[in-house]
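Dear colleague,

Please find below the structure that I am handing over to you. My account of what was found in it follows directly after.

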Amino acid sequence: MTTPRTPARKKVSITLPHDLEARAQLAGGDNFSAYVEQALEEKLLHDGMLEYTRLRSADPADDLFDAAEADAA
């Protein structure tokens with residue numbers, strides 16, 4: 001049974017360079033899966049933040065809104 005605290009799991013297989021796998025195993029200690037899970041979560045969050053920043057900077061309406069706010073102050 002899965003709960004919000006224990007999401008469903010799926011076993012996957014990945015291929016890594018030997019040196020990266022060894023470093024990750026050492027860093028992950030006795031819970032390699034948790035270490036990889038955390039790394040993937042952080043990478044996905046980072047990528048999402050980069051995409052959000054890219055989209056925000058691509059909207060010229062934001063520049064107009066910011067300028068109007070500065071003028072009103």
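In this predicted model, the side chains of D47 and K43 form a salt bridge, with N and O 2.8 Å apart. Both residues belong to helix α2, and because they are four residues apart there, about one helical turn separates them. D47 is partly exposed, at 34% relative accessibility, and K43 is likewise partly exposed, with a relative accessible area of 47%.

The search of the whole structure finds three salt bridges. Another of them joins E51 and R54, whose closest N and O atoms are 2.6 Å apart. This pair also sits in helix α2; E51 and R54 are three residues apart, so the separation is again about one helical turn. Their relative accessible areas place both in the partly exposed class, E51 with 35% and R54 with 45%.

The remaining salt bridge is between E37 and R9, at 2.8 Å from N to O. Here the partners come from separate parts of the chain: E37 lies in helix α2 and R9 in the segment before α1, so the bridge ties together parts that are 28 residues apart in sequence. E37 is partly exposed, having a relative accessible area of 34%, whereas R9 counts as exposed because its relative accessibility is 62%. As general background, side chains of opposite charge can pair when their charged atoms come close.

As to the overall architecture, the protein chain has three helices and zero strands. Read from the N terminus, the order of its elements is α-α-α. Helix α1 covers residues 18-28, and helix α2 covers residues 32-57. Of the 73 residues in the chain, 4% are buried. The chain exposes about 7000 Å², and carbon and sulfur atoms supply 60% of that area.

Which residues make up the nonpolar patch on the surface? The patch consists of V12, I14, L16 and L20, and its area is about 350 Å². I14 is found in the segment before α1. Its relative accessibility is 53%, and I14 therefore counts as exposed, the cut-off being over 50%.

Two pockets deserve a description. The largest pocket holds about 520 Å³ of space. It is lined by 15 residues, and those closest to its centre are K10, V12, S33, V36 and E37. V12 is thus one of the residues near this centre and also a member of the nonpolar surface patch. E37, which is in the same central group, is the residue that forms the salt bridge with R9. When the lining of the largest pocket is divided by class, eight residues are nonpolar, two are polar and five are charged.

The second largest pocket holds about 240 Å³. Its lining is formed by I14, L16, L20, R23, A24, Y35, V36, A39 and L40. Three of these names, I14, L16 and L20, also appear in the nonpolar surface patch. V36 lines this pocket and is also among the residues closest to the centre of the largest pocket.

Which helix gives the most to the lining of the second largest pocket? That helix is α2, with four residues. Helices α1 and α2 each supply at least two residues of this lining. By class, the lining of the second largest pocket has eight nonpolar residues, no polar residue and one charged residue.

To conclude, the features described are three salt bridges, a nonpolar surface patch of about 350 Å², a largest pocket of about 520 Å³ and a second largest pocket of about 240 Å³, in a chain of three helices.

With kind regards

Technical notes
Residues are numbered from 1 along each chain as its sequence is written. This is a predicted model: local features need pLDDT of at least 70, side-chain atom pairs count only at pLDDT 80 or more; totals for chains, interfaces and linings use all residues. Side-chain values use heavy atoms; hydrogens and water are left out. Patches are made of residues with over 30% relative accessible area and no salt bridge: like charges are joined within 9 Å, nonpolar side chains (Val, Leu, Ile, Met, Phe, Trp, Tyr) within 5 Å. Accessible areas come from the Shrake-Rupley method with a 1.4 Å probe; for residues, only the protein chains shown count as cover. A salt bridge is a side-chain nitrogen of Lys or Arg within 4 Å of a carboxyl oxygen of Asp or Glu. Buried means under 20% relative accessible area, exposed over 50%, partly exposed in between (1.4 Å probe, protein chains only). On a 1 Å grid over the protein atoms alone, a cavity is a set of points where a 1.4 Å probe fits but cannot get out, and a pocket is an open set with protein on both sides within 12 Å along at least five of seven lines; lining residues have an atom within 4 Å of a point. Grid points are joined across faces, edges and corners, and a volume is the space filled by probe spheres set on the points. Ala, Val, Leu, Ile, Met, Phe, Trp, Tyr, Cys and Pro count as nonpolar, Asp, Glu, Lys and Arg as charged, and the others, Gly among them, as polar.
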